[in-house]
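Reader: I have just opened this one and would like some help finding my way around. Could you take me through a few places in it?

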Amino acid sequence: MALRNIVKLGDPILYKKSRTVEKFDDKLSQLIDDMLDTMYNANGVGLAAVQVGILKRVVVIDIGEGPIELVNPEITMEEGEQIAQEGCLSLPGKWANTKRPMKVQVKAQDRNGKWQVFTGEELKARAFCHEIDHLDGILFTSHAVDGEALKD
């Protein structure tokens, strides 16, 4: 396993749409392992492959309940609303109040291609939405509320 460099704001790759994963192989498993190491090393709760310069639909999340690996994730249900502070490893030190669903359901494959369904509420729902947005080139700043400026 290895640490990867986290892409920072200003890099145009952050605004690109990631490609669907079609090959479930050792290379994908290595990417997921590296992403987990990189996320933990940076004290993050989520990381999308695009944030390490790879345009593949891969996300890792751990809000303190153990790692979740999502390949080709799709949000299949949203419920309620929450407003809370959000940050991003690609925008270090920047925070904004954002609006997200209170609860989401996500369908995704694991590193072996098996489909799974996850449900997340509060922080987990926020993390799912944040990371899946990255796969479509969307940053959390687009969900800022009340004209909230980024805060250091």
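Author: What follows is a short conversation about a pocket, some cysteines and a handful of residues in this predicted model.

Reader: Let's start with the largest pocket, then: how much space lies in it?

Author: The largest pocket holds about 360 Å³ of space, and its lining is made up of 21 residues. Those that lie nearest its centre are Val45, Gly87, Cys88, Leu89 and Trp95.

Reader: Which elements give two or more residues to that lining?

Author: Those elements are strand β4, covering 82-88, strand β5, covering 91-100, and helix α2, covering 123-135.

Reader: And how many of the lining residues are nonpolar, polar and charged?

Author: Sorted by class, the lining of the largest pocket has nine nonpolar residues, eight polar ones and four charged ones.

Reader: You mentioned a cysteine there, so how many disulfides does the model have?

Author: The count comes to zero disulfides. For cysteine 88, the nearest cysteine sulfur belongs to cysteine 129 and is 14 Å away, whereas a disulfide would need the two sulfur atoms to be within 2.5 Å.

Reader: Are those two cysteines buried or exposed?

Author: Cysteine 88 counts as buried because its relative accessibility is 10%, and cysteine 129 is likewise buried, with a relative accessible area of 4%; the cut-off for buried is under 20%.

Reader: Changing topic a little, where does glutamate 86 lie, and is it buried or exposed?

Author: Glutamate 86 lies in strand β4, and with a relative accessible area of 4% it is buried.

Reader: Which side chains does the side chain of glutamate 86 make polar contacts with?

Author: One polar contact, of 2.5 Å, is with the side chain of threonine 98, and another, of 2.7 Å, joins the side chains of glutamate 86 and histidine 130. Leaving aside residues up to four places away in sequence, the residues that glutamate 86 touches include Lys94, Trp95, Arg126 and Phe140.

Reader: What about glutamate 69, and which side chain does it make a polar contact with?

Author: Glutamate 69 is in strand β3, residues 68-79, and its side chain makes a polar contact of 2.7 Å with the side chain of arginine 111. If residues up to four places away in sequence are not counted, glutamate 69 also touches Ile32, Leu36 and Val59, among others.

Reader: Which residues other than glycine have a positive phi?

Author: Two that can be named are asparagine 43, with a phi of about 60°, and asparagine 72, with a phi near 55°. Asparagine 43 sits in the loop between α1 and β1 and counts as exposed at 71% relative accessibility, while asparagine 72 lies in strand β3 and is buried, with a relative accessible area of 7%.

Reader: How far apart in space are asparagine 41 and leucine 3?

Author: Their C-alpha atoms are separated by 7.9 Å, although the two residues are 38 residues apart along the chain. Asparagine 41 lies in helix α1, residues 26-41, and is exposed, with a relative accessible area of 54%.

Reader: And where is aspartate 146 found, and how far is it from threonine 98?

Author: Aspartate 146 is found in the segment after α2 and is exposed, with a relative accessible area of 76%. From C-alpha to C-alpha, aspartate 146 and threonine 98 are 9.0 Å apart in space, and they are 48 residues apart in sequence.

How values were computed:
Residues are numbered from 1 along each chain as its sequence is written. This is a predicted model: local features need pLDDT of at least 70, side-chain atom pairs count only at pLDDT 80 or more; totals for chains, interfaces and linings use all residues. Side-chain values use heavy atoms; hydrogens and water are left out. On a 1 Å grid over the protein atoms alone, a cavity is a set of points where a 1.4 Å probe fits but cannot get out, and a pocket is an open set with protein on both sides within 12 Å along at least five of seven lines; lining residues have an atom within 4 Å of a point. Grid points are joined across faces, edges and corners, and a volume is the space filled by probe spheres set on the points. Helices (H or I, at least four residues) and strands (E, at least two) are DSSP runs, numbered from the N terminus. Ala, Val, Leu, Ile, Met, Phe, Trp, Tyr, Cys and Pro count as nonpolar, Asp, Glu, Lys and Arg as charged, and the others, Gly among them, as polar. A polar contact is a pair of N or O atoms within 3.5 Å; within protein, one must be able to donate a hydrogen and the other to accept it, and residues adjacent in sequence count only if both atoms are side-chain atoms. Contact means heavy atoms within 4.5 Å. Buried means under 20% relative accessible area, exposed over 50%, partly exposed in between (1.4 Å probe, protein chains only).
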